Amino acid sequence: MRRAAPEIVLFVVSAVTLAVLCSRVSDWAVMTDELLYERLALSFVDGAFLPTLHGAHVDVYGVLYPFLLMPVFALVDLPDAIRAVHGLNGVLFASSAIPTWLLSRELALSRLPAMASALFAVALPWTVIGGFVMTESAAYPAALWALLAIQRAVVLPSPRRDLIALAAISIAALARPQLAALGIVLVAAAVVHEARLGRWRAHVVAFGVAALALPVVLLGGAGLLGSYSPAVEGDVFSVDAFRSALVHLNVTAVALGIVPLVLGGGWAIAALARPPAEHERSAFAGVAVAAAAVLAVESGSVVVRFGLGLDVKDRYLFYIAPLLFLATACALDDPRPRAAGVLALTALFVLTVGLEDFEPVFGVNVDSPASSTHEALTSFGEDVGLKPAELLAIVGGLLGVALFLALRRLPRRPVAATLLAALVAFVFAETAYTWNRLLDSSGPSGRALAATQASELSWIDAAVDDGSVAMFAYPLGQDWYPSAVTWWDVEFWNARVDRAYRLDGYITYTPETFPTPSVR
């Protein structure tokens with residue numbers, strides 16, 4: 001405990017800070033996702049063993065987060081329970097420092113880079129998602145624990161470690177079914193590493209499970225994913241999907257300061273082309289490259305098929321941020337500079353960054369917290385007569401060349417200390433800016449996110465001490481959205497409203513996932 005005192009202090013301070021920030025948000029922003037997870041948690045409080053909505057079981061498998069919320073809703077009544085949930089989200093986000101720090105120790109990084117990596121993981125602008133009832137708060141640390149288990153299984157393979165990695169991936173998938181793709185990361189990283197070492201029997205369990213899972217999915221087993229099954233159906237891989245994957249990767253890289261992608265990603269790719277001199281770091285290079293590629297393609301594919309055009313939802317991809325920072329620390333600690341990879345990733349960034357316009361957004365887009373700085377980026381570009389993408393291409397190119405020269409000609413320790421400190425300071429400043437924008441903005445309901453008087457919205461719970469209340473939603477005007485907001489508020493802020501019925505001839509404002517029997 002004495003040796004780990006700095007790490008413990010970092011976690012406690014981060015948890016308290018994020019809990020306070022998240023609990024300042026007092027309204028919803030992402031409907032109907034937030035309503036879904038709140039209702040699942042309330043169903044668990046009522047004794048449901050399986051995911052239940054409006055009294056009926058549903059095929060929703062992202063149950064880890066609602067299960068973690070269950071004690072809050074059991075102890076605190078609405079609307080105060082929502083702020084308490086937001087505070088818990090901050091603690092969950094801060095817990096990502098633990099697996100990140102353990103990953104850094106697996107890579108034999110010294111204490112300062114290890115601490116910097118843990119701090120970087122909890123100082124990201126995506127922490128604003130913790131201000132809402134969203135699964136990322138649980139999925140982010142769960143994904144990092146799974147990646148730690150994958151790293152350990154690849155470095156020293158055994159049936160036991162494969163099973164632990166598969167169990168960790170399963171838990172992450174229960175937090176967010178999207179993370180089932182980490183199974184592909186495990187198999188890909190293991191294949192690459194074992195091919196370099198000339199071993200093929202070390203991952204009998206992982207390869208066996210993959211061999212069973214592949215035909216199940218191809219033969220129509222996608223339905224096992226429940227409400228997420230459309231994500232693996234249809235034209236999953238297309239030109240537009242790969243284009244969107246590059247856009248997601250670049251937007252995420254810009255939010256991280258470009259350096260982690262160019263230097264960290266460049267080191268990882270170059271490390272794959274060399275003999276595995278350092279076992280742990282060679283394995284990690286494969287894990288980092290596989291995770292970035294798989295999650296980027298998955299994000300691009302889902303957004304192209306279910307989003308609006310090339311809309312960016314970087315909350316699907318930010319899980320790779322600690323991996324890129326750790327790869328950057330490894331690059332700066334590598335006695336054999338792998339500068340060629342830096343030039344390759346720099347060229348990729350410069351040539352593809354123009355695929356995105358980096359349009360400014362109002363307030364904070366919870367689907368894309370990375371876009372919060374696009375307004376400042378656009379403003380600065382106008383001052384120098386450049387579009388945001390053109391400005392970023394120039395900055396990225398200059399950074400890549402500077403890093404290439406620094407790795408070859410400058411003393412490594414001063415460069416490492418300066419660069420890692422600058423990256424942590426950059427995300428701190430960006431995150432502070434993003435949180436200020438969030439807390440000063442209004443949500444989709446039209447109410448101020450940090451000043452909503454939710455007690456006025458819980459009028460049904462105030463009038464009904466016990467029992468079940470049914471909702472019959474009907475249009476309140478000609479426009480769909482104001483009516484939807486009203487009925488979302490009715491159900492979100494009142495725990496007693498646990499049934500909804502569709503009036504014959506009227507549309508419903510409850511989510512499609514929710515059972516809504518028709519009444520005539």
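**Figure 1. Aromatic cluster of Trp28, Trp480, Tyr481, Trp488 and Tyr509 in the predicted model.** Ring pairs join these five side chains, Trp28, Trp480, Tyr481, Trp488 and Tyr509, into a cluster. Three of the members, Trp480, Tyr481 and Trp488, carry numbers that fall within helix H20, residues 480-492. Across the whole structure there are 17 aromatic pairs.

**Figure 2. The aromatic pair of phenylalanine 93 and tyrosine 140.** A pair of aromatic rings is described by the distance between the centres and the angle between the planes. For phenylalanine 93 and tyrosine 140 the centre-to-centre distance is 5.7 Å and the planes make an angle of 45°, a tilted arrangement. The two residues are 47 residues apart, and their pairing links distant parts of the chain. Phenylalanine 93 belongs to helix H4 (residues 80-94), whereas tyrosine 140 belongs to helix H7 (residues 136-155). Both phenylalanine 93 and tyrosine 140 are buried.

**Figure 3. Surroundings of glutamate 136 in helix H7.** Glutamate 136 has a relative accessible area of 0% and is therefore classed as buried, the cut-off being under 20%. Leaving aside residues up to four places away in sequence, glutamate 136 touches Phe93, Ile129, Pro141, Arg176, Arg315, Phe318 and Tyr319. Among these contacts, Phe93 is also the H4 partner in the aromatic pair of Figure 2.

**Figure 4. The open sheet of strands E3, E4 and E5 with helix H20.** The three strands follow the order E3-E4-E5, with parallel pairing. Strand E3 (469-473) and strand E5 (518-519) are at the edges; each has a single partner strand, so one side of each lacks a neighbour in the sheet. Five bridges connect E3 with strand E4 (residues 497-503) in the parallel sense. Opposite valine 469 stands valine 497 of E4. Helix H20 (residues 480-492) lies across E3 and E4, and runs at about 175° to E3.

**Figure 5. Cysteine 22 and cysteine 330, two buried cysteines.** Cysteine 22 has a relative accessible area of 1% and is buried. Cysteine 330 is buried as well, with a value of 0%. A disulfide is a covalent bond between the sulfur atoms of two cysteines. How many disulfides does a search of the whole structure find? The search finds zero.

Notes:
Residues numbered from 1 in each chain as written. Predicted model: local features only at pLDDT ≥ 70, side-chain atom pairs only at ≥ 80, totals over all residues. Heavy atoms only, no water. Pairing = 2+ DSSP bridges. Helix = DSSP H or I, 4+ residues; strand = E, 2+ residues; numbered from the N terminus. Contact = heavy atoms within 4.5 Å. Axes fitted to C-alpha atoms, helices over the stretch in contact; angles between N-to-C directions. Phe/Tyr/Trp six-rings, centres within 6.5 Å; stacked < 30°, edge-to-face > 60°. Buried < 20%, exposed > 50% of the residue type's maximum accessible area, 1.4 Å probe, protein only. Disulfide = S-S within 2.5 Å.
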